[in-house]
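Here are some short exercises for getting to know a protein chain. Try each task yourself before you read the solution.

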Amino acid sequence: MNIHEYQGKQILKSFGVNVQEGIVADTPEQAVEAAKQLKIDYNSDWVVIKAQIHAGGRGKGGGVKLAKNLEEVKQRATDILGMQLITPQTGPEGKLVSKILVAQDVYYPGASETKEYYISVLLDRAKGRNIIMYSTEGGMDIEEVAEHTPHLIFKEEIDPKVGLQGFQARKIAFKLGLTGGAHKEMVKFVTALYKAYDTTDSSMFEINPVLKTSDDKVIAVDAKVDIDENALYRHPDYAAMRDTMEEDPMEVEASASNLNFVNLDGNVGCMVNGAGLAMATMDIIKLAGGDPANFLDVGGTANAQTVKAAFNIILKDKNVKAILINIFGGIVRCDRVAQGVIDAYKEIGDIPVPIICRLQGTNAEEAKKLIDESGLKVYSAIALKEAADLVSKVLAEQA
Ligand code: GDP
Ligand code: MN
């Protein structure tokens, strides 16, 4: 689950990580109040207005703007709130900005240089370890750094059994070229950041940029946080940070019905039990000359309720030209599933696209008979090949 920058910073702060202080606002008036409230203990009276959307690259897209006084705060807030912000990560349609973060300007000038770094903590699934990835080249696209100057990206592997060790935090500060007070600050920063990542059951904490100020403070200016959804039951306060406005509406509805659903852009909707079978079914659709419109795993119990919820979600997608139901009756009996499909179909009423229903396993023959005798616009199949041929046939009929 992704959260907003301001929420990520709240979490970081609660673990003792220094962050660029800010207050979230929904209106220009609130933004002005926020700017007044911000106790400026840095050496700058300026504030920065930052669009809160679940995508990076906001700076480049015009979603991060400086304001030098309260009039400018109001002006920038008015400009950014309600804008359809397009960044390299949003896709061409962009994302609507409905919240902004009013934050202290931490790039104030000073005796020595300010410097931006990149630091992230993430899970390396192949190694089964957490990794701290860091670079002296902060503030820019890390993908670009990886492509053009990969030698400037460092990785530190953390054994999850013992956690981040002191020598590792010192090595990171050293490799980032820091000495004296800034070195100490960076060791503290990395230690607290790792603690935050580990304790919150996150799969990623990416801070880009981490800023060393001219007076040797080390501060998180940005925060991109991804919390493992499977662990949210342990963290109700983080679960409450979910912003469904940022997610695909079809996926939000599916998760409310406990369906494992990913929206895709093809023309054949599918409804399958089991993630492995769902992947195989998407391949079959491709082989039949179609394109999967979604990934949908209805889970172990394919009853009338789940089938109905699945139909309703798939039918919201106007590109869908056919629906392939592919259920293996191992624990669940096929005739039960068939009855569920029939009941759901009747409850919804007229379904405008042809349905191919392949049920295999316990009582497959009985299930086929039920479908065939239902009088509904549903093609039945037992073998996979039959189902694939039916998909090709109904697509060809509509071409
Ligand atoms: P992103 O573009 O979505 O990654 O958003 P960031 O939070 O990383 O901000 C983008 C850029 O805005 C940063 O790399 C900084 O260069 C700039 N920025 C952020 N905060 C401040 C600030 O307080 N003062 C100034 N002058 N620039 C800032
Ligand atoms: Mn950033």
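Helices and strands here are DSSP runs, helices of at least four residues and strands of at least two, numbered from the N terminus. Please keep in mind that this is a predicted model.

**Exercise 1. Place Glu 247 and describe its surroundings.**

Step 1: Look between α8 (236-239) and α9 (249-256); Glu 247 sits in the loop there.

Step 2: Decide how open the site is. Buried means under 20% relative accessible area and exposed means over 50%, with partly exposed in between. Glu 247 has a relative accessible area of 25%, so Glu 247 is partly exposed.

Step 3: List the contacts. Not counting residues up to four places away in sequence, Glu 247 touches Arg 242 and Val 252.

Step 4: Compare sequence with space. Asn 2 is 245 residues away from Glu 247 in sequence, yet their C-alpha atoms are 9.4 Å apart.

**Exercise 2. Do the same for Ala 35.**

Step 1: Find the element: Ala 35 belongs to helix α2 (residues 28-37).

Step 2: Check the accessibility. Ala 35 counts as buried because its relative accessibility is 11%.

Step 3: Name the partners. With neighbours within four places in sequence left aside, Ala 35 is in contact with Val 47, Leu 70, Val 73 and Val 102.

Step 4: Take one pair. Ala 35 and Asn 69 are separated by 34 residues in sequence and by 8.9 Å from C-alpha to C-alpha.

**Exercise 3. Work out the sheet that contains β1.**

Step 1: Write down the order. The open sheet has 4 strands, arranged β1-β6-β2-β3 with antiparallel pairing.

Step 2: Pick out the edges. β1 (22-25) and β3 (64-67) each pair on one side only, which makes them the edge strands. On average, neighbouring strands of this sheet are turned by 25° against each other, direction ignored.

Step 3: Zoom in on one pair. β1 and β6 (residues 100-104) run antiparallel and are joined by 4 bridges. Val 24 has Leu 101 in β6 as its bridge partner.

Step 4: Add the helix. α1 (residues 5-14) lies across β1, β2 (47-51) and β6, at about 50° to β6.

**Exercise 4. Explain how enclosed α1 is.**

Step 1: Mark its buried residues: Glu 5, Tyr 6, Gln 7, Gly 8, Lys 9, Ile 11 and Leu 12.

Step 2: Draw the conclusion. Since 7 of the 10 residues of α1 are buried, this helix is largely enclosed by the rest of the structure.

Step 3: Look past its end. Gly 16 follows α1 and has a positive phi, near 85°.

**Exercise 5. Sort the side chains of β12 (residues 224-227) by face.**

Step 1: Take the buried face, to which Val 225 and Ile 227 point.

Step 2: Turn to the other face, where Lys 224 and Asp 226 point; these two are not buried.

Step 3: Find the pairing strand. β10 (residues 202-212) pairs with β12 over 4 bridges in the antiparallel sense, and Ser 202 stands opposite Ile 227.

**Exercise 6. Sum up the whole chain.**

Step 1: Count the elements: the protein chain has 14 helices and 18 strands.

Step 2: Give its extent. The C-alpha trace spans about 85 × 50 × 40 Å along its principal axes.

Step 3: State the burial: 50% of the 399 residues count as buried.

Step 4: Tally the charges. There are 44 positive and 56 negative side chains, and the centres of the two sets are 2 Å apart.

Terms used. Residues are numbered from 1 along each chain as its sequence is written. Chains are lettered from A and ligands numbered from 1 in the order in which they are written. This is a predicted model: local features need pLDDT of at least 70, side-chain atom pairs count only at pLDDT 80 or more; totals for chains, interfaces and linings use all residues. Side-chain values use heavy atoms; hydrogens and water are left out. Two strands pair if DSSP finds at least two bridges between them. Axes are lines fitted to C-alpha atoms, for helices over the stretch in contact, and angles run from 0 to 180 degrees between N-to-C directions. Contact means heavy atoms within 4.5 Å. Buried means under 20% relative accessible area, exposed over 50%, partly exposed in between (1.4 Å probe, protein chains only). Lys and Arg count as positive and Asp and Glu as negative; His and the chain ends are not counted. The place of a charge is taken as NZ of Lys, CZ of Arg, CG of Asp or CD of Glu.
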